[in-house]
Each structure stands twice: as C-alpha cells, then as structure tokens.
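Student: Could we look at a structure together and talk through how its chains meet?
Tutor: Happily! Here it is.

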Number of protein chains: 2
Amino acid sequence: MLFRQLFDTESSTYTYLLADEATRKAVLIDPVAGNAEQYIQLLRQLDLTLEVAVDTHVHADHITALGILRDMTGCATMMGEPARASCVSATFRDGDKIPFGKLELEVLYTPGHTDDSYTFLYRAGTRIWAFTGDTLLIRGCGRTDFQNGNSAQQYESLHRKLLALPDDTRVYPAHDYKGWTMSTIGEERAHNPRLQARGVDAFVTLMANLKLANPKHMDVAVPANLACGKPRAA
Amino acid sequence: MLFRQLFDTESSTYTYLLADEATRKAVLIDPVAGNAEQYIQLLRQLDLTLEVAVDTHVHADHITALGILRDMTGCATMMGEPARASCVSATFRDGDKIPFGKLELEVLYTPGHTDDSYTFLYRAGTRIWAFTGDTLLIRGCGRTDFQNGNSAQQYESLHRKLLALPDDTRVYPAHDYKGWTMSTIGEERAHNPRLQARGVDAFVTLMANLKLANPKHMDVAVPANLACGKPRAA
C-alpha cells in the first residue's frame, strides 16, 4: 500500500493518500479545498488514479476538496449517511467497505464529535491503520458541543470501539496542533488525558467544562461542506 | 525500529525520532529548541532513553535543541566535523556510524547547502531511510548562497551521492513548506525541478538566479547553533 500523509498548515488538517500499488487506484481521506491542485499534482507524479475521496465527517474548520476533486478527476465522493450531504455520489455506514483498487477501507461508526463521525480502518495482515478523524486525536479528542455532538456517545466510541483495537494499531487523526504526526492505540490508552476520565459521567463533565471558542469559519464551512465544498452550478 | 516524524510549525522543520525497540535507546535528528519539552514528554511516554541528538548541519532558520537536550537528559550531542561547533560531545564525518542501542545511522557527507551538510542513512534489510537535511528537499533543495554553500558541490552531493541510492529509498528532509511529509529517491529523480538541470553548469546558474531573501533569524540562529543553541554557563 502506497501511503502519504499531507498537512494543511492553515487548519492543521491531515489528509491521507492511500493507494493500491498494483492497480494504481487511490483514495484521499479528508482532503482540503485549498490543496486540491497539489493533490492532483501528486497523484499525477505517482501515476495514480483517484478512485474516491471521503470525509471522516462534515468539518467545521476547513472546506472539503470533495467537490473540486470530483470536478477535476471524476472520482466518487463519499460521506457518512448521517451527514445528509446530497452532493456526494454515495454514502457509507458502519461495517461498509470502501474499495480502492484491490484494497479497501473498513468503515467504523464513531459518533460523538459529530453525529456523522466515522473512523476508517485499513488492515494489512495483523497491522491496522486507524484514520480516526476528530474522534481520537493525539493526546486529545474532538469537542462534542456542536453539530449534534454528544459526549456520552463520544465516550462509547472511544472506549468500546477505538480502544477495542490492538495496542499496536497506528492512529492517524484528522488534526494535530503541536506537530505530532501519528500515535498508537496503546500510547493513547496510556497517555491521552481524555481517556483517563473514570466512567462516562466523568467524561461528560470534563467535556462540558472545556469552554472552547467556536471554530472561526464554522458558519461558512459547515454549509459549504454539506455541498462538498463546491456547490454545483444552478 | 520505532519511528516518529515531528513538525515545528514556526520554522517548518521536521525532527525525527528513531529508537531501537529492544534497548529503548533513541536518537533525535534536527531537534528544535522550542519543542524540547515535548520531545522529553514523548520520550518518557514511549519509555525511551535519548542516547544522542544530532544536527544534519548548522541551521540558519531555527535554534537547535542539542544544548537543552544535553542539559535535560545527559545525551551525547553531535554535529559534523566541518561545523567546528566546540559545544558538541563528538563530531562525525563521512562513513562514520552513529549508534542508538543496537541500531545505527550511517553518515554520508553531502556538502553544498552548507559545508557541514550531512545525510543520515538508516538501513533495515534492503529498505533505506535517508534523512537528507536541506541537501534534498521534496521537489526542491537547500539554497547554496551562505555558510560556505557551494552549488557545484551541491550538484555532486545530489547527483553522485543521493541519486545513487535505490529508487525506493525513503526521503525525509529537514523541512517542507507545503505540508508534504516524505518522498522517495525515485520520485525526486523524476519530479524534482532542481534535479532536472542538465549538468553542473546549468545547476550553478539556476541556483545563482534564485535571489532569495536571507532567513529572518539567521544572524541569531547560526552563532547560537554553533553553541548548541544554549551556551554553557560561563
């Protein structure tokens, strides 16, 4: 599997390119609109065809490149069913597979940050890569105070779904703000402060007391992203 | 080998942590002073001992963490012999090995960006990781117009030393300014504009015409880094 991690410095978003080296078919996870030309350049230079572009959830802090990539490459575009984003060519739900060439991502529903938050798993033998969106960040987790976020659901997603993965599972989040690029489930289990809350009630209290400011571009980004970042011409 | 890539958002510097999982001994390549506390935290959480901290060259755009890390952990500190940095505990030159636990980095002298620029190679079977400093960047290369830089030497380092490595060698540079995290020798051979110059004379002309502004903090960073970023108390 050909793998590249790409960073958007403006929103501190990580975008992931995974490709099947045999068929040269690729998937982009959480692409950012402002970097679309760069993705196209990289795909061309690596001799890859973009089969599908997916978002882990409807983002509030940057504009998705799904619409632009659809227009530029003809790729499929996918978001989770609960996003109700009519712009995408297909939706996914828990347990679905998203194929790229002869490889695939496995879809795991991990709501809590938003009600349309998913984790994508890629398995190679016993090795697992988890693309956790904003559900699990490195030494943190996504906030739960808008877009139908729910701290109790987030607790369940973290503890019953993500921490159920093996300790050596590689964790690739949608963001990092301190320059760390990856982690593992074992590391997060031991050292993520948000995972140390004892029980769901303690976690709900912890999340309720964060008092975070709203993302700067949220009022623009959420409706734009529900239209894949690029409304179709009327 | 345990491997982590860390990014300093202020100077767009990549720092690399490599560790021997058996002995838990680690090396840090190009650590940045402002992130020293974070490195210590990560080392502690991963249960690692920092054996040595090294710079690929004397940086002009950020302050090295070598001195701080020496004071905080007692690690060895190393720079290349031509740096003439009396603060380090040892110097290296072409062909040397830098051990961390039972693993080692191989030292390759690649002058041109500066006269003390080195590439570190890590080999695991037939797989090679090249930590290229500013000698080879992703789709670019370091400038050659100060710190005894020399375009003709840079050409030789790029073409005779780095491009002599196998195409699937992973390239991990000291910087990237567009959010790309890695490349390969094959990719750079094919798509790096600086490597398309036909012959040394064309390359020297190309580099002479770049007309770049000096790095903002160069007058502070270079002398500070020659003192490992943290002069010993008088």
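**Where two chains meet**

Tutor: Between chain A and chain B about 1900 Å² of area is buried, and carbon and sulfur atoms give 50% of it. Keep in mind that this is a predicted model.

Student: Which residues of chain A lose the most area to chain B?
Tutor: Let's look at the side of the interface that belongs to chain A. Three residues there together make up 29% of what that side buries. They are A:Arg4, A:Gln45 and A:Trp180.

Student: How many residues of chain A are in contact with chain B?
Tutor: For this we count residues with heavy atoms within 4.5 Å of the other chain. On the side of chain B, 19 residues take part. The number in chain A is 19.

Student: How many salt bridges does the rule find across the interface, and which residue pairs with B:Arg4?
Tutor: The rule finds 2 salt bridges between chain A and chain B. A salt bridge needs a side-chain nitrogen of Lys or Arg within 4 Å of a carboxyl oxygen of Asp or Glu. For B:Arg4, the closest N and O atoms are 2.5 Å apart, and the partner is A:Glu187.

Student: Which elements of chain A each supply at least two residues to the side that touches chain B?
Tutor: By class, that side of chain A has 6 nonpolar, 9 polar and 4 charged residues. Both strands and helices contribute to it. The elements are β1 (2-8), α1 (36-45), β12 (183-184) and α4 (185-191).

Student: Is A:Ser183 buried or exposed?
Tutor: A:Ser183 sits in strand β12 of chain A. Its neighbours in contact include A:Ile138, A:Thr169 and, from the other chain, B:Arg4. The side chain of A:Ser183 also makes a polar contact with the side chain of A:Arg139, at 3.4 Å. Because its relative accessibility is 0%, and the cut-off is under 20%, A:Ser183 counts as buried.

Student: What kind of axis relates chain A to chain B?
Tutor: A turn of 180 degrees with a shift of 0.0 Å along the axis lays chain A on chain B, with an RMSD of 0.0 Å. That relation is the one given by a two-fold axis.

Student: What share of the contact residues of chain A recur in chain B?
Tutor: Here we compare the surfaces that the two copies use. The same surface serves both, and the share that recurs is 100%.

Student: Which residue of chain A comes closest to the rotation axis?
Tutor: We go by the C-alpha atoms of chain A. At 3.9 Å from the axis, the closest is A:Thr9.

Terms used. Residues numbered from 1 in each chain as written. Chains lettered and ligands numbered in written order. Predicted model: local features only at pLDDT ≥ 70, side-chain atom pairs only at ≥ 80, totals over all residues. Heavy atoms only, no water. Buried area = accessible area lost by both parts, 1.4 Å probe. Helix = DSSP H or I, 4+ residues; strand = E, 2+ residues; numbered from the N terminus. Nonpolar A, V, L, I, M, F, W, Y, C, P; charged D, E, K, R; others polar. Buried < 20%, exposed > 50% of the residue type's maximum accessible area, 1.4 Å probe, protein only. Polar contact = N/O pair within 3.5 Å; in protein donor to acceptor, adjacent residues only side chain to side chain. Least-squares fit on C-alpha atoms with pLDDT ≥ 70 in both. Lists of a residue's contacts leave out its neighbours within four places in sequence.
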